Amino acid sequence: MADGTQKRSNRALWLGLLLVVLGVLSNGLYFLGVPAPPIPWISLLLPIVGLAFVVAGVWRAFARPAIYRGKVVGSLAAALCTLILAASVAGFVISRRLPAPSAGTPQVGQRVPDFTLPDSEGHPVSLSTLLSGSAGGAPPKAVLLVFYRGYW
Amino acid sequence: MAISADPQNVSEDLRHKAGYTFTFLCDPQAEVIRRLALLHPGGGPDGQDISRPAEFLVDRSGTVRWENFAEDVRVRARADQMLAAARTLP
């Protein structure tokens, strides 16, 4: 009987939970302009690693109950983290479901065909007019066209 | 210029709420979007045809000098990359 042995805190469990929470929070990074390449992957990798730690923690709690706590909390945490991971994977897949850039899109060095579209107040605006600076003042060095999804 | 397939009143609403001073253009039939091969068929929340996210820096002659196509709708374009490209223009 291990009388003098205190039960150890199940660090793997808590570390795993922390990583999963960080994974969820990392979705906020998209709004902060952090450099692009690591970002989508972090919101997927953190929950995966976190869940691995949680599972390790739960295994420990069941395999060595005299030493490690956390059977109930661990099981609940494992279930929750699995759901969070599933949501992260779904979010990842859906966010990247975009058509591939097509050959029909102007490449660097090609010209954008002129077009005229109404602005948000209904006045027609043409690209060529904007580029030639007829809106008063010198013609701009360039125009940035930002195509966005909308429906916010 | 910000271009989307949103109806005019939605774009104007967004422009006012966010306090933007640049021009918002409306392409509700996605004509220009299609002409530039940027269509994302059924990509809207109710299956509407919308634009895929893309940015083009176009010089005075109408030539593309820089462009960016997001692979992930969550990742925002980098203003510093666009500005660096703009600075190389005469």
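So, how much of chain A is buried? Of its 152 residues, 24% count as buried. Keep in mind that what we're looking at is a predicted model.

Let's stay with chain A for a moment. Its secondary structure adds up to 4 helices and 3 strands. If you walk along from the N terminus, the order goes α-α-α-β-β-α-β. And here's something about how the chain folds back on itself: take the contacts between residues at least 6 apart in sequence, and 60% of them join residues at least 24 apart.

Now look at the helix α1(A), residues 11-25. This helix has 15 residues, and from the first C-alpha to the last it reaches 21 Å, which is close to the 21 Å expected at 1.5 Å a residue. Which of its residues are buried? They're Ala12(A), Leu13(A), Gly16(A), Leu17(A), Leu19(A), Val20(A) and Gly23(A). If you look down the axis of α1(A), those buried residues fall within an arc of 160°, so they line one face of the helix. The spacing makes sense once you recall the geometry: an α-helix has 3.6 residues a turn, so residues three or four places apart point the same way.

Okay, on to how the two chains meet. On the chain B side, 54 residues are in contact with 45 residues of chain A. Which elements of chain B give two or more residues to that side? The list is β1 (2-4), α1 (8-18), β2 (24-26), α2 (31-35), β4 (50-51), β5 (54-59), β6 (64-69) and α3 (79-87). The largest share comes from β5(B), with 6 residues. As for chemistry, the residues on this side of chain B split into 28 nonpolar, 10 polar and 16 charged.

Let's zoom in on β5(B), which turns up again and again. Over in chain A there's strand β3, residues 142-147, and this strand pairs with β5(B) in the antiparallel sense, over 6 bridges. One pair to find on your screen: Val146(A) has Glu55(B) as its bridge partner.

But β5(B) also has a partner within chain B. The strands β5(B) and β6(B) run antiparallel and are joined by 5 bridges. And here Glu55(B) comes back, standing opposite Asn68(B) in β6(B). So what happens where this hairpin turns? There are 4 residues between the strands, and Gly62(B) takes a positive phi near 85°.

Stepping back to chain B as a whole, the domain assignment splits it into domain 1, residues 1-52, and domain 2, residues 57-90. How far apart are their C-alpha centres? They lie 19 Å apart.

Last thing, two slightly odd alanines. Ala30(B) isn't a glycine, yet it has a positive phi of about 55°. You'll find Ala30(B) in the loop between β2 and α2 of chain B. Is Ala30(B) buried, or partly exposed? It's partly exposed, because 18 other C-beta atoms lie within 10 Å, and counting as buried takes 20 or more.

The other one is Ala37(B), again with a positive phi of about 55° despite not being a glycine. Ala37(B) sits in the loop between α2 and β3 (39-40) of chain B. With 15 other C-beta atoms within 10 Å, Ala37(B) is also partly exposed.

Technical notes
Residues are numbered from 1 along each chain as its sequence is written. Chains are lettered from A and ligands numbered from 1 in the order in which they are written. This is a predicted model: local features need pLDDT of at least 70, side-chain atom pairs count only at pLDDT 80 or more; totals for chains, interfaces and linings use all residues. Two residues are in contact if their C-beta atoms, placed from the backbone, lie within 7 Å. Ala, Val, Leu, Ile, Met, Phe, Trp, Tyr, Cys and Pro count as nonpolar, Asp, Glu, Lys and Arg as charged, and the others, Gly among them, as polar. Two strands pair if DSSP finds at least two bridges between them. A residue is buried if 20 or more other C-beta atoms lie within 10 Å of its own, exposed if 12 or fewer, and partly exposed in between; C-beta atoms are placed from the backbone. The expected span of a helix is 1.5 Å times one less than its number of residues. The arc is that of the directions from the helix axis to the C-beta atoms. Domain bounds come from an automatic or database domain assignment.
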